[in-house]
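Notebook open, coffee on the bench. Today I'm looking up how some strands pair, and what a database record says about one stretch of the chain.

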Amino acid sequence: TVRARAHSLQPALLMLCFSLPGLSIKMFLRGRPITMYIPSGISHYEELRAELPAEHLHYGYRGRDSRSNLYVLASGELVYFIACVVVLYHIQHRSQRHYLRHTDCVRCLAVHPDRVRVATGQTAGVDKDGKPLQPFVHIWDSSTLLTLQQIGLGSFERGVGSLAFSTADQGAYLCVVDDSNEHMLSVWDCARGTKQAEIKSTNESVFTVEFNPQDSSNFITSGKSHVYFWTWSGSTLSKKQGIFGKYKKPKFIQCFLFDANGDVLTGDSEGNILTWARTAADIRTLGKGAKETYQIGRQTRAHEGSIFSLCLRRDGSVLSGGGKDRRLVHWSPSLALLQEVEIPEQFGAVRTIVEGPGAELLVGTTRNALLRGSLAAGFTPIIQGHTDELWGLATHPSQSLFLTCGHDRQVCMWDSGEHTAAWSLTLEETGLCADFHPSGRVVAVGLNTGRWLVLDTETRQVLSGGSDGNEQLSVVRYSPDGEFLAIGSHDNFIYIYSVGEGERKYSRFGRCTGHSSFITHLDWSKDSKFIMSNSGDYEILYWDVAGGCKLLRNRFESRDREWASYTCVLGFHVFGEGWSPRASTRGLGNTLEVLGGVVFQWQSPPLTPLPCSLLQAPSHVYGGHGSHVTNVRFTNDDSHLVSLGGKDTSIFQWRVLGAGDTAGTKPHCLWAWTALAHGPQQARPSQRVPSPPGLDSAQGPAQVRVVGQGRGPVGSSHQGPGAQLGGCWDWGSCLEVLIA
């Protein structure tokens, strides 16, 4: 027996033992021994070598809990964010580019007066080892996607909540409000990246900040129970609280704007638009140092419920967007009602409004949709997505379609070729897992209550269903011949159903009993007779389904069995990752494997050629997700990979390129779906590709790790794929991502 201890930082893999020479490997996960039998085709395990894979990977909208997050750039592109990605979307070309330099979720966005430079702020986070990642602001060029300035690293707490460029001086300064208890407000020189002034703003939530377009020494903040009028001089900041007087003080002031006359319009939680007019300085009472102030001159009843957004149009008229009533209202410069339209309930409330070319309007909603249209013609979605944590993912066996489900009770079918949502369906319960029948005509969805449904993929009709226990289902999987459906539950059992009558009739065939913890993954053999399964306590068990759902005690006999899929995260073919992933998938055509989501805060799906059976196999890492990766799957032709971002509600569609594809030969595409998007990707900085989490350092959360095995020395390093251009690696031709 030969023993090898893993790196001390690795919490899951403690020890690796080579026993029964040439037959098995024993791995310890949190003290539990796991024996994996070496396939007979590998006669000398110790001679295996690892290298990076020949195939390279190069690569929506967050409206539910963020504001002022949609703008139109000088290029005509929309700019918005989802997870750790800032997306630049060209509607006419249906293409995307991406800014990828953030290490955690982006929370706010501001566009420079030149409509080229962009500032984005992120939340604080933690790396794979649980160490804190400090929030910061990046100012970057939207035409080149190059970072111009990093601001505030070490100065902000928890995250960056609001941003605004000054206007009167051509955007020389940036105002930042962080998410600390005191909501520290600071003003920064954009060119030098230096702090000019800082002050505690308020202990209440701050929603937005904006400079006076005529005077950069004045700006306004608003939020819970306040609107503050600020004056900035040198290193000094002072504020005056807005006085509501005879008007009812609202609980929240969610938005405001400066109108064409220089007055301030605020939208609040009472559904009112308040007009704050300038008043002359009271020199007689306050002396020569007195300055002009703002006082409420008018109240306009605008909406039933909160006003989430105000937009000043080019002709001086105003648009307001409602929350509860979902109305988009057009007002004259004097706030006379001109026109209104109601946003369909399926898209949620209006979150933000932006003017497009001509009469076109772009609307972001609280249900993570981007709508395009006009007041006269109505609105249609250009971006859609989920609104809560994602878990279920299935790819169609013969078409470029995939299905997702999650805690928002939505089941969504996506067209990965057209980058659109084909359809969506609302369930009564939470969907956690899904799988297509080999015919592609039906799809099974497992729910959190122990129930499962079978849906017609064309009509969306529920064809069948059942219930197995009262605990959540974690995996559903059809056999390759379509004759059986296996359902893995948190009650520790795998339920087997026979399928008949055109996938409409399901009869209980048997139950696999033997796991001592909840089922996490399972795979069918190619002959549809056997199942391999993993459980929450790191068991690897094998089952003879055709023989009556019997547990195979002699696991050695299964070492050469061929599997139709390889989604199990424990086994000889994948243990070289040396960590505990939440999701795994294998591309059958190109022997690539992806493992996604890991212990603690590491949020990456890594791509791996099979078998990945050496500890510390070298890898590529790609970023984007801002939350744990809950699921990964290859598409039917293995040309793309789909990954789910869990709580960031994002879906990434990655384009897999072969060894003959080189960086720069064609654009790298990323689609973002809270929403869905795609386009050329910006180059990443030159850096050594990280090793697996917990073994060596790696940067950023929510990343894709590509791990290889084959020729070359064990642990060999690789200086990243692609050609080095201007100090940056060009990852542009390797990846495409759908984010929802």
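I started with strand E7 (residues 78–82) and strand E8 (residues 85–90), which pair in the antiparallel sense over 5 bridges. Note to self: this is a predicted model. In that pairing, Leu 78 stands opposite Tyr 89 in E8.

Next I checked what sheet these strands sit in. It is an open sheet of 4 strands in the order E6-E7-E8-E9, and the pairing is antiparallel. At the edges I find strand E6 (71–72) and strand E9 (95–99), each pairing on one side only.

Then the record. UniProt, in an unreviewed entry, puts the feature "transmembrane region" at residues 70–91. How much of residues 70–91 is helix, and how much strand? I get 0% helix and 59% strand, with the end C-alpha atoms 14 Å apart.

I moved on to another sheet. This open one has 4 strands in the order E44-E45-E46-E47, with antiparallel pairing. Why is one side of strand E44 (473–478) and of strand E47 (505–512) left without a neighbour in the sheet? Both stand at the edges with a single partner strand each, so one side of each has no neighbour there. I also looked up the twist: neighbouring strands of the E44-E45-E46-E47 sheet are turned by 20 degrees against each other on average, direction ignored.

Last entry, inside that sheet. Strand E45 (residues 484–489) and strand E46 (residues 494–500) run antiparallel and are joined by 5 bridges. Here I noted Gly 488, which stands opposite Ile 494 in E46.

Definitions and conventions: Residues are numbered from 1 along each chain as its sequence is written. This is a predicted model: local features need pLDDT of at least 70, side-chain atom pairs count only at pLDDT 80 or more; totals for chains, interfaces and linings use all residues. Side-chain values use heavy atoms; hydrogens and water are left out. UniProt positions are given in the numbering used here, feature names are shortened, and annotations may be inferred rather than shown by experiment. Helices (H or I, at least four residues) and strands (E, at least two) are DSSP runs, numbered from the N terminus. Two strands pair if DSSP finds at least two bridges between them. Axes are lines fitted to C-alpha atoms, for helices over the stretch in contact, and angles run from 0 to 180 degrees between N-to-C directions.
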